[in-house]
Amino acid sequence: MITFTAVTKRFPDGTVAVDDLTLDLPEGKITVFVGPSGCGKTTSLRMINRMVEPTSGQVLVQGRDVMEQDPAELRRGIGYVIQTAGLLPHRTVVDNIATVPYLLGWDKKRARSTALELLERVGLPAAYAKRYPAQLSGGQQQRVGVARALAAGPPIMLVDEPFSAVGPVVRAQLQAEFLRLQQDLGKTIAFVTHDIDEAVKLGDVVAVFHQGGHLAQVDTPEQLLAAPANDFVADFVGRDRGIRRLGFRLADSLPVQPVDAPRDSEWVLDLDDRGRPRGWSRRGVTASMQSGGGTFTTADSLRTVLDLTLTSPAGVAVRVDQHGVADGTVDHAAIAAHIQDDPIRAAR
Amino acid sequence: MLQYLRTSSPAVLAALGQHVVLALLPVLIGLAVALPVGYLAHRFRWLYPPLLTISSVLYAVPSLALFVVLPVILGTQTLDPLNIVVALSVYTVALLVRTVVDGLASVPPAVTAAATAVGFRPLGLLLRVELPIAVPVILAGLRVATVSNVSLVSVGALLGVGGLGALFTDGLQRDYLAPIITGIVLSVLLALVLDSVIVGVQRVLTPWSRVGER
Amino acid sequence: MSVLTDVAAFLAAGSNWQPENPDGITARLLEHLQYTGIALAIATAIAIPVGLFIGHTGRFAFIAINAGNAGRALPTLGLLSLVVILVGIGLVPVIVALVVLAIPPLLTSTYAGLQSVDRATVDAARGQGMRERQVLLRTEVPIALPILMSGIRNATLQVVATATVAAYVALGGFGRFLIDGLAVRDYAQVVAGAVLVAALAIVLDLLLAGVQRLVVSPGVSGRALTRTTPRKVSP
C-alpha cells in the first residue's frame, strides 16, 4: 500500500532527517512511527503525501511513485491529521470537514451532508456544525480534524501526534474512539507519536526510529515489548515492559483451578445461590468483590488478571462465564508458569 | 548640486539643526506625557477605549491645520516654533499612549503575579518589572513616532518654520532641484540615524533580548 | 470664542455646499475624494500583490520589514516638490507623493497579516491538497484580513490627512481652505478645513470598519466567541 525504498532526506542545511529508510506499511493496518524528537518520524510521514520530497530513494503509494504525481491531487486522496488540528478558523465546522470534497468539486449539498454524517461519526452533536473552530475545545477540534481527513473517503490516512496537545483523560478517550473508528473503516494508517505507550496501544505494527533517521526496529507491539532488537529500543520502550506486554495476551488459554479446590488461604469465596461470586470472607470479616480483587473473563488480558491476583485478599483472581458464574480461579504463580511456556519467548 | 552645497552649507546646517530640535523635543515631551497616561489606561481599562478614539481623531487632523490653528489656541505668533513642537507632541502622545498600553499588556500575568508574591510594591513592580519588560514594545512605538516626526517637521515650512522643509519651499519657488534633493536626503538620513540610536538604546536596556541571537 | 462661531457659520453657509460653487465644500470634497481614491487605488494595486507575494513565499522579507520605516522617513512635502519640478504642476506630483505615503502601511500590514497566520493551519491546508494559489486565497488571506484591513484603514487615514498638500501646488481639495485661509489670515476657514478633513477621515474609517465587519469571518474576528458561549459538553 505504502512502500519506502532506500529513502533518504537531507535538508539544505546538511542535516540528514531520514537515512536509507526501507519500510512497508501493511494495507488496512495502523503503522505507528515512534521515536525521540529529531528521529525523522514526522519527515518520513510527510514524504508519503509529498509535503517533504525525498532526496533519494522512492516512496510508493498504491504502487505509484509520489514524485510522479501532482502533489495537490495526491494529497486530496490521503487523509491528513496534525497535532493542533490546523482547522481553518474562518470557516464553520461543517465547511472545515468538507474542505477536500469542495476541492474535489463535489456539489455543495453532497459535500455538506457527508460532512454532517462524519461530524456525528466522530462523536460531536450536529449543533456544532455551524460553529467556528475557536468555539471548540482542543479535543473537539481534533475530532473535527479527524472528520476532515475522512471526508472524501481516502483509503490512506496520515496522522501526526494528534492527541499530544490534549489532557490524559481526553487523550485516552480519543485513542479508544480512534481504534473503534478504525475497526469500522479499515484504513491504511501511518501514525506518528513520541509516546511509546500510545504506540503499543494503537499500532498493529510499530516502527521505532533512532536519532539521525535510522530505523531501529519494526515489529508488532507485543514483539517489541518481548524482544527489543537492541539497547536503544529496550531503553526507549522503558521499564515494566514485561508487565505491559501481558496487556497483549488474552486470558483464554490460561489454566484455572476449580472454584472449590483447596487453597492455603483462610479467605473463602462467597457465592450466591446461582454460583456468582459476591466477595471474600474470613472469620466473619467480609470484603466485596469490588474492593477485594474482582472477576475476569477469557476476553480480558493477562495484565488484568495479574492485577486482580495482586488486589485480591486471597491472592486469587476469579474467572466467570458469560452469565457471571464463577468457573475457575488462578493465582500469580499460575500466571508466571503460563508465561514461562510462552511460545514467542521460547522461539527467541 | 556641489555648487549649491558650497554656497549654502551654513543655511543647510542651520536648517538641519532646527529640524533636529523640532523633531526630537516633541518625542521627549510626548514620551513624558504618554507614560503616565498609558499607565493609567492600563490600570483602569475603561479609560482605554475613549483614549483610543481621541488619539485616532487627533491623528486624522492634518498637520498643516494643527500648525496653523495652534497660534489661535495658544496665543503664540504664527512663526513661533512652539506651534510645531506642541503640534508634534500631540501626535506623539496620540501614538505612544496606545504603545505604552500595549507594552504593559505584553507583560505576562505570571510574571507580575510572581513579582507581587516575592514582595514588590506597586511602584517597584512598575519601575523594576513591568516597564523593563514593556521596553521593546514602547521603543518600537517611539521609533515610529520619531521617524514620522522627522518627516512632519518639513510641513512647518509652509508657515516659515520647518527646518529642512525650508529647502523644499525654497527649491520649489526657484524651480531648483538641488535644495530639494539635499533636504530629502538629509531628512531620510536624520530619520535613519535617530532610528538606529533608539535601536541601540533598546539593546542596552534589554540585554536579555540579545541572548540567543548569536 | 469668535473663531468657533465663524467656523460654524462657514460650515453652515448654504452657498458653501452648493455643488455649482467651484470653491464650495461639495466641490472641494469631490476633489479631495478624487485624490484620495486614485492614490489609494494605485498604492493598493502595487502594495497588496507585492505584500502577498512576500508574505506567502517569505522571500524578500527585508523589503516588507524596512518599507514601513523607510517610507515614513520620506518627507511628503519634499517628494511633492521634487516631482513638481520634474514633471510640472498637476495631478501627477500629488498622486505620486500620496502613493509613496500609502504603500508602506499597506505593504507592511499585508506582510504582517500573512505572517500572523498559524503555520500549522497553512500546513494542514496544503496537506488537504490545496494548490499554492488556494492556500493563499482560501486560507492565508481570509485569516490575515483583520490586519490587512487595519493597514488599509491606516493608509486611508494618512492619505486623507495628507491630501491637503495638493492645495500647496495649486490643486483643490480641502487643503484649499487651509492654504487660502492662511494666506488671508481667515482662521475660521482654516479650522473649518481641518474639521472637514478630520470628519472625512472618520467617515471613511467608519465605512471601512463596516466593510471589515462584512468581509472578515466571525471565526477570525472573535465575534463568534462573544455571540455564543461554547457549552463544554464532551471533550
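A crossing of two helices is left-handed if the near helix is turned anticlockwise from the far one by less than a right angle, and right-handed if clockwise. The crossing of α9(C) and α10(C) is left-handed. Helices here (H or I, at least four residues) and strands (E, at least two) are DSSP runs, numbered from the N terminus.

The model is predicted: local features need pLDDT of at least 70 and side-chain atom pairs count only at pLDDT 80 or more, whereas totals for chains, interfaces and linings use all residues. Residues are numbered from 1 along each chain as its sequence is written, chains are lettered from A and ligands numbered from 1 in the order in which they are written, and side-chain values use heavy atoms, with hydrogens and water left out.

## Chains B and C

Two chains are summarised in the table. Buried means under 20% relative accessible area, exposed over 50%, and partly exposed in between (1.4 Å probe, protein chains only). Contact means heavy atoms within 4.5 Å.

| Chain | Helices and strands | C-alpha box along principal axes | Residues and buried share |
|---|---|---|---|
| Chain B | 8 helices, 0 strands | roughly 65 × 45 × 20 Å | 214 residues, 48% buried |
| Chain C | 12 helices, 0 strands | about 70 × 50 × 30 Å | 235 residues, 54% buried |

Read along the sequence, chain B has the pattern α-α-α-α-α-α-α-α. In chain B, 72% of the contacts with a separation of 6 or more come from residues 24 or more positions apart. For chain C, 71% of the contacts between residues at least 6 apart in sequence join residues at least 24 apart.

## Helix α9(C) and its partner α10(C)

Helix α9 of chain C covers residues 175-183 and contains Arg176(C). Helix α10 of chain C covers residues 187-215, and α9(C) packs with α10(C) at an angle of about 165°, their axes being 7 Å apart. The axes are lines fitted to C-alpha atoms, for helices over the stretch in contact, and angles run from 0 to 180 degrees between N-to-C directions. Angles under 35 degrees count as roughly parallel, over 145 as roughly antiparallel, 65 to 115 as roughly perpendicular and the rest as oblique. The two helices α9(C) and α10(C) are therefore roughly antiparallel.

On the α9(C) side the contact is made by Arg176(C), Phe177(C), Leu178(C), Asp180(C), Gly181(C) and Leu182(C), and on the α10(C) side by Gln189(C), Val190(C), Gly193(C), Ala194(C) and Leu196(C). These residues divide into 6 nonpolar, 3 polar and 2 charged. In this scheme Ala, Val, Leu, Ile, Met, Phe, Trp, Tyr, Cys and Pro count as nonpolar, Asp, Glu, Lys and Arg as charged, and the others, Gly among them, as polar.

Arg176(C) is buried, with a relative accessible area of 15%. Apart from neighbours within four places in sequence, Arg176(C) is in contact with Arg28(C), Ala167(C), Ala170(C), Leu171(C), Gly181(C) and Gln189(C). Gln189(C) lies 13 residues from Arg176(C) along the chain, with a C-alpha separation of 9.4 Å. The Arg176(C) side chain also reaches the backbone oxygen of Leu171(C) at 2.6 Å. A polar contact is a pair of N or O atoms within 3.5 Å; within protein, one must be able to donate a hydrogen and the other to accept it, and residues adjacent in sequence count only if both atoms are side-chain atoms.

## Helix α7(C) against chain A

Helix α7(C) is mostly covered, with 7 of its 9 residues buried. The buried residues are Ala120(C), Thr121(C), Val122(C), Asp123(C), Ala124(C), Ala125(C) and Gly127(C). They pack against α1 (41-48), α2 (71-76), β6 (78-81) and α6 (138-150) of chain A, together with α8 (132-162) of chain C.

Thr121(C), located in α7 (residues 119-127), counts as buried at 5% relative accessibility. Beyond neighbours within four places in sequence, Thr121(C) touches Gly86(A), Leu87(A), Leu88(A) and Pro89(A), as well as Thr139(C) and Ile143(C).

At the N-terminal end of α7(C), Asp118(C) acts as a cap, with a side-chain oxygen 3.1 Å from the backbone nitrogen of Ala120(C). Just after the helix, Gly129(C) takes a positive phi of about 110°.

## Positive phi in chain A

Most residues other than glycine have a negative phi. Ala6(A), not a glycine, has a positive phi of about 50°. Ala6(A) sits in strand β1 (residues 2-10) and is partly exposed, with a relative accessible area of 32%. Asp20(A), in strand β2 (residues 16-25), has a positive phi near 55°.
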